[in-house]
Amino acid sequence: MADTRRTLHIASWDDRFLAWLLDILLVGVVLSALGEVAGVFAFLTGGLSDPTPFTGLNGLGLFVYWTVLEGRQGQSVGKIVMNIAITDERGEAIDYVTAAIESFGKAFLLPLDILVGWLAYEKEGLRLFNELSSTIVIETDEEETGKPRDVEYVYPSDA
């Protein structure tokens, strides 16, 4: 019987932090731009006295961003750049519900999420909401990302 064990390399806290930082910068820029557009529109129409209606929506924006991208492909833009991905404990893709549970902690309760993770799951490298959603963050092989392991691709030659 062949050994079908799979080796998963847990992503470092440094890689996870840099991916998170890239994501919050990206989402922050988008939400700021939307806020500016809404503010200009409100100013021109005289409809709103507060020119920043998107203030306070960063957490919600990040929650939706992470839930959609990680539920669909296991990676946000930050995770793609850092070659890491969110998976279930067996290294398989997660669904949107699991992504929503996992994303809730980092979008709304990050200090508590990380502190409990460091104290209770230090060896496993988990945040609290990784434990609650049964997810892990793993390193990906950038050359293998998105390609089945049992398929060889033959590309056309430039003849």
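# Reading a predicted chain, feature by feature

Mentor: Let's begin with the overall layout: the chain has six helices and two strands. Please keep in mind that this is a predicted model.

Trainee: In what pattern do the helices and strands follow each other along the sequence?

Mentor: Going along the sequence, you meet α-α-α-β-α-α-α-β. The chain has 159 residues, and 35% of them count as buried. Among contacts with a separation of 6 or more, 70% join residues 24 or more positions apart.

Trainee: And the outside? How much area does the chain expose?

Mentor: About 10700 Å², with carbon and sulfur atoms supplying 62% of that. One surface feature to find is a nonpolar patch of about 750 Å² accessible area, whose members include Leu57, Val64, Tyr96, Phe104 and Phe108. Helices α2 (58-73) and α4 (96-108) are the elements that each give two or more residues to the patch.

Trainee: Where does Tyr96 sit, and is Tyr96 buried or exposed?

Mentor: Tyr96 belongs to helix α4. With a relative accessible area of 45%, Tyr96 falls in between and is called partly exposed, because the label "exposed" needs over 50% and "buried" needs under 20%. Compare Val81 in helix α3: its value is 52%, so Val81 is exposed. Val81 also shows how the fold brings distant parts of the sequence together: Ala19 is 62 residues away in sequence, yet the C-alpha atoms are 7.2 Å apart.

Trainee: Now the aromatic rings, please. How should I read a ring pair?

Mentor: In general, you describe a pair of aromatic rings by the distance of the centres and the angle of the planes. This structure holds seven such pairs. Take Phe63 and Phe108: their centres are 5.7 Å apart, the planes make 40°, and the pair is tilted. Phe63 is in helix α2 and Phe108 in helix α4, so this pair ties together parts that are 45 residues apart in sequence.

Trainee: What about Tyr65 and Trp66, which pair with each other?

Mentor: Their ring centres are 6.4 Å apart with the planes at 55°, so that pair is tilted too. Both residues are buried, Tyr65 at 14% relative accessible area and Trp66 at 1%. Phe108, by contrast, is partly exposed at 39%.

Trainee: Which residues form an aromatic cluster?

Mentor: Phe63, Phe104, Phe108 and Phe129 make up one cluster. Rings can also have a charge above them. The charged end of Lys106 sits over the ring of Trp66, 4.6 Å from the centre, and that of Arg16 sits over the ring of Trp13 at 4.5 Å.

Trainee: Lys106 carries a charge. Which acidic residues form salt bridges with Lys106?

Mentor: Here the idea is to look for a side-chain nitrogen of Lys or Arg within 4 Å of a carboxyl oxygen of Asp or Glu. Lys106 meets Glu70, with the closest N and O atoms 3.0 Å apart. Glu70 lies in helix α2 and Lys106 in helix α4, so the pair ties together parts 36 residues apart in sequence. Lys106 also forms a salt bridge with Glu102, 3.4 Å from N to O. Those two share helix α4 and are four residues apart, about one turn of the helix.

Trainee: Are these charged residues buried or exposed?

Mentor: Lys106 is buried at 8% relative accessibility, and Glu102 is buried at 1%. Glu70 also bridges to Lys79, at 2.7 Å from N to O, and both of those residues are buried. The structure holds six salt bridges. A network of salt bridges links Glu70, Lys79, Glu102, Lys106, Asp113 and Arg127.

Trainee: One last topic: backbone angles. What should I look for?

Mentor: As a general guide, most residues other than glycine have a negative phi. Asn83 departs from that, with a positive phi of about 55°. Asn83 is in the loop between α3 (77-82) and β1 and is partly exposed at 24%. Ser134 also has a positive phi of about 55°, and is found in the loop between α6 (128-133) and β2 (135-139).

Trainee: Which residues does Thr87 in strand β1 touch?

Mentor: Leaving aside residues up to four places away in sequence, Thr87 touches Glu92, Ile94, Ser134, Thr135, Ile136 and Ile138. At 6% relative accessibility, Thr87 counts as buried, whereas Ser134 is partly exposed at 34%.

Notes: Residues are numbered from 1 along each chain as its sequence is written. This is a predicted model: local features need pLDDT of at least 70, side-chain atom pairs count only at pLDDT 80 or more; totals for chains, interfaces and linings use all residues. Side-chain values use heavy atoms; hydrogens and water are left out. Patches are made of residues with over 30% relative accessible area and no salt bridge: like charges are joined within 9 Å, nonpolar side chains (Val, Leu, Ile, Met, Phe, Trp, Tyr) within 5 Å. Accessible areas come from the Shrake-Rupley method with a 1.4 Å probe; for residues, only the protein chains shown count as cover. Buried means under 20% relative accessible area, exposed over 50%, partly exposed in between (1.4 Å probe, protein chains only). Contact means heavy atoms within 4.5 Å. Rings of Phe, Tyr and Trp (its six-membered ring) pair if their centres lie within 6.5 Å; planes under 30 degrees apart count as stacked, over 60 as edge-to-face and the rest as tilted. A charge sits over a ring if NZ of Lys or CZ of Arg is within 6 Å of the ring centre and within 35 degrees of the ring normal.
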